[in-house]
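User: I'm new to reading protein structures, and I'd like to learn how to look at cavities, pockets, sheets and ligand sites. Could you walk me through one?

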Amino acid sequence: MNLDDILAKAKSAPRALCEDELVFLLSLTNEAETQTLFAAARDVKLRTSGKGVNLRGIIEMSNVCAKDCFYCGIRKSNTNVARFRLDEDEILRAAQTCIDLRYGSLVLQGGEIESDAHTTFIENVLQKITRMSGGKLGITLSLGEQSEETYARWQCAGAHRYLLRIESADPELYARLHPAGHDFERRKNCLRLLRKTGYQVGSGVLIGVPGQTLPQVARDILFFAEMDLDMIGMGPYIPHRDTPLGADAALTPALAHRQLALGLNMIAVTRLLLHDVNIASTTALQALAPDGRERGVLAGANVIMPNVSDVTHRKDYRLYENKPALDENSEQSLAALVRQLASIGESINWDTRGDSPHFAMRQHA
Ligand code: 5AD
């Protein structure tokens, strides 16, 4: 296979690559070749999404979770975590921080809980955030699997984007990463319900899970295309010692290097296949290298989600080891980010919602 030919084809139209070509691109490790790959992805990003990075302040609102994912630090069975739930005032304060810092959008993320009380609590919070921001702030939810009715109520209350990672699009790998009771088909169906309800729909996967093959990773990207997603949020797997999958694994420099490299290739290849979706350069990249998120932008991502949670609870929202910025407040995080983005010649789109261009295209199709 010839790298330049594949990149030229990928740039000429979305969805132009087959599984073998995706695997070929994902497997690149040579520095000159990966730089060529990233430059091609960045070209596509510039063409479809314009210059600049869109921000979403992420509010980690609760680590109480009914799920027990084998890789996740806040899984239900981890008794080494102090559980917390922010109350309404704390969430609204964080939302105000997003407005004050001119982020344009926020993400409300938390452990997966399904109950009437939870649905109503979130609904009230959403109504208040919408009012506070005069309806201008983009609001994304990342609150897991819910009923169609709950998704609809939250949308009526002001949310317009929803992130629900499929974690792996391969049902067998999904089953290896989750205990009984976690249902791949239900999760996939939730993505369909979100679409039907009218959200901009985002999903993503864990990259580089032990035992995962590159064809599986390539098929994850094909799944994004098949589901016609608007947004992608994905990150390299990072072991957490209090989990079944991470108990015997250490995050060595060699592992960090490999995971970062695969995570960056994944962003670039996803951009090259899907073209006009929003792609986040996620915190997991920053956990692997201090400049991980900037490198994600250089590989074709156009969204960054800085943490706006109060520092009191950050240490209790450790999904994986090495989670950065545990003792940094929102203003400090932002100042560092602005500096780091400027150092790679990137700017921030302040006070803009930064909706997915793909979603806009679908609305007009
Ligand atoms: N490494 C990387 N990402 C993780 N997540 C959970 N645990 C880990 C881990 N060990 C991700 C999941 C989830 C998101 C909120 O965090 O993909 O969807």
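User: Which residues line the second largest cavity?

Analyst: Happy to start there, and keep in mind that this is a predicted model. A cavity is a space where a probe fits but cannot get out. Here, the second largest cavity is lined by Arg 15, Phe 224, Asp 228, Leu 229, Leu 274, Val 277 and His 358. Its volume is about 30 Å³, and its lining splits into four nonpolar, one polar and two charged residues.

User: How many cavities of 30 Å³ or more does a search of the whole structure find?

Analyst: The search finds two. The largest cavity holds about 100 Å³ of space. Around that space you will find Arg 56, Val 107, Thr 140, Leu 163, Met 231, Ile 232, Asn 278, Ile 279, Ala 280, Val 303 and Met 305. Strands S8 and S10 are the elements that give two or more residues to this lining. Sorted by class, the lining of the largest cavity has eight nonpolar, two polar and one charged residues.

User: How are S8 and S10 joined?

Analyst: First, the general idea: strands of a sheet pair through backbone hydrogen bonds, either parallel or antiparallel. In this model, two bridges join strand S8 (residues 231-232) to S10, and the two strands run parallel. You can spot the pairing at Ile 232, which stands opposite Ile 279 in S10. Both of these isoleucines also appear in the lining of the largest cavity.

User: In what order do the strands of the sheet come?

Analyst: The sheet is open and has seven strands, in the order S2-S3-S4-S5-S6-S8-S10, with parallel pairing. Strand S2 (57-62) and strand S10 (278-279) stand at the edges with a single partner strand each, so one side of each is left without a neighbour in the sheet.

User: What about the second largest pocket: which residues lie nearest its centre?

Analyst: A pocket, unlike a cavity, is an open space. In the second largest pocket, His 257, Arg 258, Leu 260, Ala 261 and Leu 262 lie nearest the centre, and 28 residues line it in total. The pocket has a volume of about 660 Å³.

User: Which helix gives the largest share of that lining?

Analyst: That is H10, with nine residues. Helix H3 (31-49), helix H9 (214-226), helix H10 (253-274) and helix H12 (292-298) each supply at least two residues of the lining. By class, the lining of this pocket has 14 nonpolar, ten polar and four charged residues.

User: Now the ligand. Which residues surround it?

Analyst: To read a ligand site, list the surrounding residues and then look for polar contacts. The ligand is surrounded by Tyr 71, Cys 72, Gln 109, Arg 165, Glu 167, Leu 206, Pro 236, Tyr 237, Ile 238, Leu 319 and Tyr 320. This shell divides into eight nonpolar, one polar and two charged residues.

User: Where are the ligand's polar contacts?

Analyst: One ligand oxygen atom is 2.7 Å from an N or O atom in the side chain of Arg 165. For Glu 167, a side-chain N or O atom is 2.6 Å from an oxygen atom of the ligand. A nitrogen atom of the ligand is 2.7 Å from a polar backbone atom of Ile 238. On its own the ligand has 410 Å² of accessible area, and the protein covers 88% of that.

How values were computed. Residues numbered from 1 in each chain as written. Predicted model: local features only at pLDDT ≥ 70, side-chain atom pairs only at ≥ 80, totals over all residues. Heavy atoms only, no water. Pairing = 2+ DSSP bridges. Helix = DSSP H or I, 4+ residues; strand = E, 2+ residues; numbered from the N terminus. Near = heavy atom within 4 Å. Polar contact = N/O pair within 3.5 Å; in protein donor to acceptor, adjacent residues only side chain to side chain. Areas by Shrake-Rupley, 256 points an atom, 1.4 Å probe, with all protein chains shown as cover. Nonpolar A, V, L, I, M, F, W, Y, C, P; charged D, E, K, R; others polar. 1 Å grid on protein atoms, 1.4 Å probe; cavity = no way out; pocket = protein on both sides within 12 Å on 5 of 7 lines; lining within 4 Å. Points joined across faces, edges and corners; volume = space filled by probe spheres on them.
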